Amino acid sequence: MPENPINTDPPSDQGGSEDSHSLVLRCSVNAPMRRLLDYLPPKGAELPFFVGCRVQVPLGNRRVVAVITAIIPRSESDIEHLKHAENLLDASPLISDTQLELLRWTANYYQHPPGEAMILGLSPRERRGEPPASFGKPGLALNLRGLGLPPGALDRAPKQAALLALLQTAPRSYEELESLGISRATARQLLNKHLAERQDIVAAPNWSGGDGLEPSTEQAEALQGICDSLGSFHCHVLEGITGSGKTEVYLQAIAKAMATGKQALVLLPEIGLTPQMLQRFQTRFQAPIAVLHSGLSDGERDRHWHMARSGHAAIVLGTRSAVFVPMTSVGLIVIDEEHDVSYNQQDGLRYSARDVAVKRAQLAQCPIVLGSATPSLESVANFRSGRYRWHPLTSRPGAATSPKKILIDIRGLQLDAGLSEQLLSAMSATLDRGEQVLLFLNRRGFAPSLICQTCGWVSGCHHCDARLTLHRSPPRLCCHHCGEQQSLPRQCPECGGNNLAAAGLGTEQTEQALQRLFSTTPIHRVDSDTMGGRSSMQTLIEQVEDAEPCILLGTQLLTKGHHFPRVTCVGVIDADAQLFNPDFRGEERLAQLLTQVGGRSGRATRSGEVIIQTRHPDHPVVRAVLESPWSVICDQLLQQRQSQGLPPYGHLAVMRCDSRSIDQGLGFLEGCLTTLVSERTFNGIRFVGPLPAAMARRAGLYRSQLLLAGSSRQELHQAAAQLVACATSKKQPAGLRWFMDIDPADTV
Ligand code: ADP
Ligand code: ZN
Ligand code: ZN
């Protein structure tokens, strides 16, 4: 089903109408308010109005951009209190009905003001009320009214009737119309009758899919399953370790969707949209690709947005927020690394791009592919219950074996900057064979804190309940939560002593040690301090791809999606740093991380080894990662979740509050909860809190939260909605902000 269905006979609350004087425009206004606002049509407006068009409306003493979400008949009472909209900004809808439906669903599901959800469907300039970006040749397109005229309309004006019939098949440029013998005057008559509008016409792109590799048996089976479901809504989980050929499956499935004239939407984690990945798409497809990520300027974003919406782009490749980009006809959605946390928007409208994408696929009636080496427990539960289809890729094309995993118990061992003797000798052996080493340490900086060995003082942030990280180049103390920076104290601020020392380990420190221990080997440190932009990662990848032996040392940045074909030894310097995460997803994240890091080893034709250093060799997650495939790890984790009634078996929502004091936040939440439970009893809902968040103070604000848990999604949603209503009706102390987080990515 196209995303832009044509309303031939619009019902009164949906489509256009001839008599604008008897109508009210129900608008979603870009402002933090939880209801829709009604306006009278702009004074003197003659044009037909359509749902999905923007209007400029007065709000207080401001003028804001709004989207018409419904057109309703006017009642007598409207006249007294309704204001007129000032300007109609679009002659035809910018947001299609299905897109509107998706945005409405998003606002509703995530309990967010509808206007703030609606603008996610607009490009930067459209949000500012400017006309949409355009490119192409000037031409003519019918509006919904023109498209809806029955055959035989305008019969008394045969030239106009002929043009109408022609445009009903597709918009045309003036150039083309001229070559068909249709005059500008005839075109003007359709414009004057408000049946058509000017539009820039982009030549029908010539899409071609390019040749794929000969698929393996497993790839062929996955492809068959996905392609058989083109044209209907199905969720597919493509589970395969890194390098098992998932991307190849995406590419071939996209080619199939394109062959049916449909577009593909591909979402990648923030970190995965590398020039490398883009290049792979560009070499495979002879087709325009719209690329959307947070690093674009507004102008670039507008242009790619238009390519997607006009149907010019065959493929839209983007990060999280691209899930809302309008497209003419989506035929396939792909979410790469579907388990990745960067799909969760963590402020403003908190949503999961993966979950929104599933809804989008349902509305567009197309298949969606969720790919990962370590699918989330939600997705695993979904394919185990039969709701989703599962396609495993168990082997790597061209590589015989999976990496060998080795655990090193570092209790009591002599370590050099965190590195054990055994790890060091494995590294040397690898380098001697002419191969590369990758070391993982998820902490940037020199050391996680600076301490006084005389009095026990610890470098703390003034604005957060957090320690300041010691950095050496340049020397300073930094807060990784709020960005606060301090110069290094010469003496202890507490006792004045000179006994200050770095405590713990960060990438800068290990880098220094490696330079000393492997003085002739190139060492590349990869963390957000060394990798400024996208291009630095690309440069590094090119440098390392066919290069001599070297050591890569880095944080999470290194563990995702990149191809380092010559790496055959992966070392996890400190697995324990992640072990005692208080969040219920902590163990899932740790297992994913360790499995993903392992996947970096022995791509291409070499087999590899993964060495994990820990002080907790018997921790169940560490053991599971070492001994079991992902499915068995999931068995364990799912069992725990089930016994605790946690997702995917139960559902969660958190109301969070930022305030000027912890008591103020806790008091506000307590007040909301008291009102809520006085109105109704909630049998199936557990309320936990209000409690201070794990980091109770961040960037100068005090953070508190109230958790709602329940086994019925519907009941939980009702309770959350009522809680939002309570909070909305409460008087809000100055400086206090609250927000609802549905299906929270974490609960700490
Ligand atoms: P993933 O996305 O799972 O990491 P890729 O699709 O990137 O895996 O594949 C890893 C490597 O294997 C790539 O270099 C790719 O070109 C190659 N490859 C994938 N499928 C095949 C195939 N059927 N035949 C030969 N090589 C393949
Ligand atoms: Zn001291
Ligand atoms: Zn801070």
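Arg444 is partly exposed, with a relative accessible area of 24%. In this predicted model, Arg444 is placed in the loop that runs between strand 17 (436-440) and strand 18 (449-452). Once neighbours within four places in sequence are set aside, Arg444 is in contact with Thr469, His471, His480, Thr507, Asp527, Ser528, Asp529 and Thr555. A separation across the model can be given from the same residue: the C-alpha atoms of Arg444 and Ile95, which are 349 residues apart along the chain, are separated by 43 Å.

**The chain as a whole**

The chain holds 22 helices and 30 strands. Its radius of gyration is 29 Å, which agrees with the value near 27 Å that a compact globule of 748 residues would have. Along its principal axes, the C-alpha trace spans about 95 × 65 × 50 Å. Of the 748 residues, 54% are buried, and of the contacts with a separation of 6 or more, 76% are made by residues 24 or more positions apart. The accessible surface of the chain comes to about 32,000 Å², and carbon and sulfur atoms contribute 49% of that area. As for charge, the chain carries 73 positive and 74 negative charges, and the mean positions of these two sets are 3 Å apart.

**Strand 13 and its parallel partners**

Strand 13 (residues 330-335) is mostly covered, with 6 of its 6 residues buried. Strand 13 is joined to strand 10 (residues 263-267) by 5 bridges, and these two strands run parallel; within that pairing, Ala264 has Leu332 of strand 13 as its bridge partner. Strand 13 also pairs with strand 14 (residues 368-372), again in the parallel sense, over 3 bridges. Here the bridge partner of Ile333 is Ile368, which belongs to strand 14.

The loop between helix 13 (353-364) and strand 14 contains Gln365. Gln365 has a phi near 55 degrees, a positive value in a residue other than glycine. At a relative accessibility of 33%, Gln365 counts as partly exposed, because buried would require under 20% and exposed over 50%.

**The open sheet of strands 19, 20 and 21**

Strands 19, 20 and 21 form an open sheet of 3 strands in the order 19-20-21, and the pairing is antiparallel. Strand 19 and strand 21 (485-486) stand at the edges with a single partner strand each, so one side of each is left without a neighbour in the sheet. Strand 20 is joined to strand 21 by 2 bridges, the two strands running antiparallel, and in this pairing Leu477 has Gln486 of strand 21 as its bridge partner.

The loop between strand 19 (469-471) and strand 20 (476-478) includes Pro474, and the peptide bond that joins Ser473 and Pro474 is cis. Thr469 and His471, which are among the contacts of Arg444, carry numbers that fall within the range 469-471 of strand 19.

**Backbone features**

A second cis peptide bond lies between Gly689 and Pro690, and Pro690 has its place in strand 28 (residues 685-698). A positive phi is also found at Asp743, a residue other than glycine, in the segment after strand 30 (737-742). The table sets out the backbone angles of these residues and bonds.

| Residue or bond | Feature | Angle |
|---|---|---|
| Ser473 and Pro474 | cis peptide bond | omega about -5 degrees |
| Gly689 and Pro690 | cis peptide bond | omega about 5 degrees |
| Gln365 | positive phi, not glycine | phi near 55 degrees |
| Asp743 | positive phi, not glycine | phi near 45 degrees |

**Asp658 in strand 27**

Asp658 is found in strand 27 (residues 651-659). With a relative accessibility of 13%, Asp658 counts as buried, whereas Arg444, at 24%, counts as partly exposed. Residues up to four places away in sequence not being counted, Asp658 touches Leu701, Tyr702, Arg703, Gly735, Leu736, Arg737 and Phe739.

Conventions: Residues are numbered from 1 along each chain as its sequence is written. Chains are lettered from A and ligands numbered from 1 in the order in which they are written. This is a predicted model: local features need pLDDT of at least 70, side-chain atom pairs count only at pLDDT 80 or more; totals for chains, interfaces and linings use all residues. Side-chain values use heavy atoms; hydrogens and water are left out. Helices (H or I, at least four residues) and strands (E, at least two) are DSSP runs, numbered from the N terminus. The radius of gyration is taken over C-alpha atoms; the globule rule is 2.2 Å times the number of residues to the power 0.38. Buried means under 20% relative accessible area, exposed over 50%, partly exposed in between (1.4 Å probe, protein chains only). Contact means heavy atoms within 4.5 Å. Accessible areas come from the Shrake-Rupley method with a 1.4 Å probe; for residues, only the protein chains shown count as cover. Lys and Arg count as positive and Asp and Glu as negative; His and the chain ends are not counted. The place of a charge is taken as NZ of Lys, CZ of Arg, CG of Asp or CD of Glu. Two strands pair if DSSP finds at least two bridges between them.
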